[in-house]
Amino acid sequence: ELCRYIYWDLLKKLYFLPDFHSHYLGLPLPQLSLSGLYLLVILMGFCALGIILGRWGYRLSCWGFFLGYGYLFFFDTTLYHDYGYLIFLTAFLLALLPETHKQSVPWWYIGLFQFQWIVWAFFSGLFRLHLAWLNGTLIRGYAVILSQKWTYHFLEFPACSSSIASLDTACFFLLACLGLACACWKRFSEPLFYGIIGIGCVQASLHLAIPFYIQGSYSYPWYTFFPLLNWLGLVVFVPAHTLSKLKLFCRRQAQDFHAEPSIHPRRAWVLFFLSVYVSIQVFLPLRHWLIGNDFFWTCEGFYFSWTMKIISKTGSVTFILKNPKTHVTQEVYPLELTQAQYLKFCMDPHMVLDYAHSLRDKTQSTWGYTPTITVSSNISINFLPARPLIDPQANMSDATYSHFSHNPWILP
């Protein structure tokens, strides 16, 4: 994960060179120099090594990696991806773990890791029940794009693409059900775990046939890591006696790994933390139901919802600045955006609003007046005919963004 930042020169391309960055909740993080970014990644590498060794400075290494990766992940909304979110949550849970060589792992720690993996599998399958995914429209669209370089012509047939999409969705649900049964039904945990491995093998073969994983290796290198990361998460379901058979741990350690719940003086705080964490992880993927409208079109409630690559949006966005005194208008094109930013730009209205506010601030500092900013957008979702996403009459200079209710300047 850290090597890709250096190998693909992502620190320079995504963090240092872009002049515009879209921030979560409108709270910008401090911009580091290029040397500071490389130093941060190197320190995170030492922290990752400390986590792997698990002995010297384990807790400090966990918190160091968690804070460092949190900076890289939350620096810009353009950089959001589900697998990065999963790494961030895993780093947070690891930071809460005791040093395993000194004491056994509490049962609820293992339960949290299992819960997180089940949540990922369930909601990934739930959001894939979208018609454009199940009927293979999205897969066929990518197959046509890549057919010049890759032999994906067979996916251009509706029967093939829809079958692969439906089977992939079913695999997600099966993984979630088997994971839940393996976590709760200890007596049959070993055959259930082997069932999880089997379903994972089937899904891995499907991902080799889905074009956007291949395309992602060129446009977004982190997409190719997502299936691998999911496989690594299976280790939390390995039964204790299976570990003993494989001689990975001694029998005593394996028994402690799945220790039974015990009475603890701070049990109330543990239960409070568990209830809060579980509630947040369930609420965030479902909050779009409180907002209403087409979640995949408006992208309201998109972040932290496990919906990566289920939809595809392309199009154009133009900003129109108007001087309220002279009524002179000027069209502005976001030419300074990088390729990754512009692709996300056409998809995310929140990023469009951030850019409009950036134009407003630049105009105020340069020309001394607050312009009226409107947006002309023409967006296509899942290769369908394009239509406006942003209300062309809305003044984006005064617009705000709500994360838990519908924004009227976004057209349904």
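**Exercise 1. State which residues make the nonpolar surface patch of about 800 Å², and place Ile42.**

Step 1. The patch of about 800 Å² is made by Leu39, Ile42, Leu43, Phe46, Leu49, Leu53 and Trp56. Patches are made of residues with over 30% relative accessible area and no salt bridge; like charges are joined within 9 Å, and nonpolar side chains (Val, Leu, Ile, Met, Phe, Trp, Tyr) within 5 Å. Areas come from the Shrake-Rupley method with a 1.4 Å probe, and for residues only the protein chains shown count as cover.

Step 2. Ile42 sits in helix α3, residues 34–53. Helices (H or I, at least four residues) and strands (E, at least two) are DSSP runs, numbered from the N terminus.

Step 3. Ile42 has a relative accessible area of 44%, so Ile42 is partly exposed. Buried means under 20% relative accessible area, exposed over 50%, and partly exposed in between (1.4 Å probe, protein chains only).

The model is predicted: local features need pLDDT of at least 70, side-chain atom pairs count only at pLDDT 80 or more, and totals for chains, interfaces and linings use all residues. Residues are numbered from 1 along each chain as its sequence is written, and side-chain values use heavy atoms, with hydrogens and water left out.

**Exercise 2. Find the salt bridges in the whole structure.**

Step 1. Side chains of opposite charge can pair when their charged atoms come close. A salt bridge is a side-chain nitrogen of Lys or Arg within 4 Å of a carboxyl oxygen of Asp or Glu.

Step 2. The search finds two salt bridges. One joins the side chains of Arg128 and Asp168, at 3.2 Å from N to O. Arg128 is in the loop between α6 and α7 (131–134) and Asp168 in helix α9 (residues 158–184), so this pair links parts of the chain 40 residues apart. Both Arg128 and Asp168 are buried.

Step 3. Asp361 forms a salt bridge with Arg360, where the closest N and O atoms are 3.3 Å apart. Asp361 counts as partly exposed because its relative accessibility is 38%.

**Exercise 3. Describe the surroundings of Asp354, a buried residue with no salt bridge.**

Step 1. Asp354 is found in helix α19, residues 349–367.

Step 2. The nearest side chain of opposite charge is Arg360, 8.6 Å away. For charge, Lys and Arg count as positive and Asp and Glu as negative, while His and the chain ends are not counted.

Step 3. Leaving aside neighbours within four places in sequence, Asp354 is in contact (heavy atoms within 4.5 Å) with Phe20, Ser22 and His23.

**Exercise 4. Locate Phe122 and list its contacts.**

Step 1. Phe122 lies in helix α6, residues 107–127. Its relative accessibility is 35%, so Phe122 counts as partly exposed.

Step 2. Beyond neighbours within four places in sequence, Phe122 is in contact with Phe173 and Ala176.

Step 3. Phe122 and Trp306 are 184 residues apart in sequence and 9.3 Å apart in space, C-alpha to C-alpha.

**Exercise 5. Count the aromatic pairs and classify Phe73 with Phe74.**

Step 1. Rings of Phe, Tyr and Trp (its six-membered ring) pair if their centres lie within 6.5 Å; planes under 30 degrees apart count as stacked, over 60 as edge-to-face and the rest as tilted. The count comes to 46 aromatic pairs.

Step 2. The ring centres of Phe73 and Phe74 are 4.9 Å apart and the planes are at 85°, so this pair is edge-to-face.

Step 3. Phe73 is buried, with a relative accessible area of 2%, whereas Phe74 is partly exposed at 24%.
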